[in-house]
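Biologist: Could you take me through one part of this model up close? I'd like to hear how two neighbouring pieces sit against each other, and what ties that spot to the rest of the chain.

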Amino acid sequence: MWRSLPALGLALAAALAASPAGAACDVKGAQIEEAIAKKSELREDANAQLVRDLRTLRDAAIVLESYKFPGECEVLLGIVRSLLANPGKTIEQSGDTDEEKAEDLIEAREPKAAAGEPKAAPGGPKAK
């Protein structure tokens, strides 16, 4: 998947250059959920992670728009559209099953305590 991102980036940059400056990013208009629902490959249980990833990218685009980064939001939506355009190829590209990499990603998602703060037990109140 990552091998094709430079070419995708150039195409998206050209598309953004053609769009009006300061235009809002239209996440709802991108119809990501509708596109996911139309793709039979994405309804298969084996591809549930890809669907979660697409929704995570959509949510990230919403966050970028809310923080007034419409250009970056549009780039992210372009990537999602590209991934949705050919689900078979996307599924093939996302075949990384490196368990150590997956564990690193899970660890990176966990909130970290600020320096000097005691760590809270999972699901419990903070230690004093």
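Modeller: Here is a walk through the pairing of H3 with H4, and then the disulfide that involves H4. Keep in mind that this is a predicted model.

Let's start with the two helices. H3 covers residues 48-66 and H4 covers residues 70-85. Their axes lie 8 Å apart, and the packing angle is about 165 degrees. Anything over 145 degrees counts as roughly antiparallel, so that is how H3 and H4 run relative to each other. The crossing of H3 past H4 is left-handed.

Now for who touches whom. On the H3 side, the contact residues are Leu-54, Leu-57, Arg-58, Ala-60, Ala-61, Leu-64 and Glu-65. Facing them from H4 are Pro-70, Glu-72, Cys-73, Leu-76, Leu-77, Val-80, Leu-83 and Leu-84. Sort the residues of this contact by type and you get 12 nonpolar, 3 charged and no polar.

Cys-73 deserves a second look. Besides being one of the H4 residues that meet H3, Cys-73 forms a disulfide with Cys-25, with the sulfurs 1.9 Å apart. The bond connects distant parts of the chain: Cys-25 sits in the loop between H1 (5-18) and H2 (32-38), while Cys-73 belongs to H4, a separation of 48 residues. A search of the whole structure turns up 1 disulfide. The link between Cys-25 and Cys-73 is left-handed, with -70 degrees about the S-S bond.

Are the two cysteines buried or exposed? Buried means under 20% relative accessible area. Cys-25 comes in at 8%, so it counts as buried. Cys-73 has 0%, so it is buried too.

Key: Residues are numbered from 1 along each chain as its sequence is written. This is a predicted model: local features need pLDDT of at least 70, side-chain atom pairs count only at pLDDT 80 or more; totals for chains, interfaces and linings use all residues. Side-chain values use heavy atoms; hydrogens and water are left out. Axes are lines fitted to C-alpha atoms, for helices over the stretch in contact, and angles run from 0 to 180 degrees between N-to-C directions. Helices (H or I, at least four residues) and strands (E, at least two) are DSSP runs, numbered from the N terminus. Angles under 35 degrees count as roughly parallel, over 145 as roughly antiparallel, 65 to 115 as roughly perpendicular and the rest as oblique. A crossing is left-handed if the near helix is turned anticlockwise from the far one by less than a right angle, and right-handed if clockwise. Contact means heavy atoms within 4.5 Å. Ala, Val, Leu, Ile, Met, Phe, Trp, Tyr, Cys and Pro count as nonpolar, Asp, Glu, Lys and Arg as charged, and the others, Gly among them, as polar. A disulfide is a pair of cysteine sulfur atoms within 2.5 Å. Buried means under 20% relative accessible area, exposed over 50%, partly exposed in between (1.4 Å probe, protein chains only).
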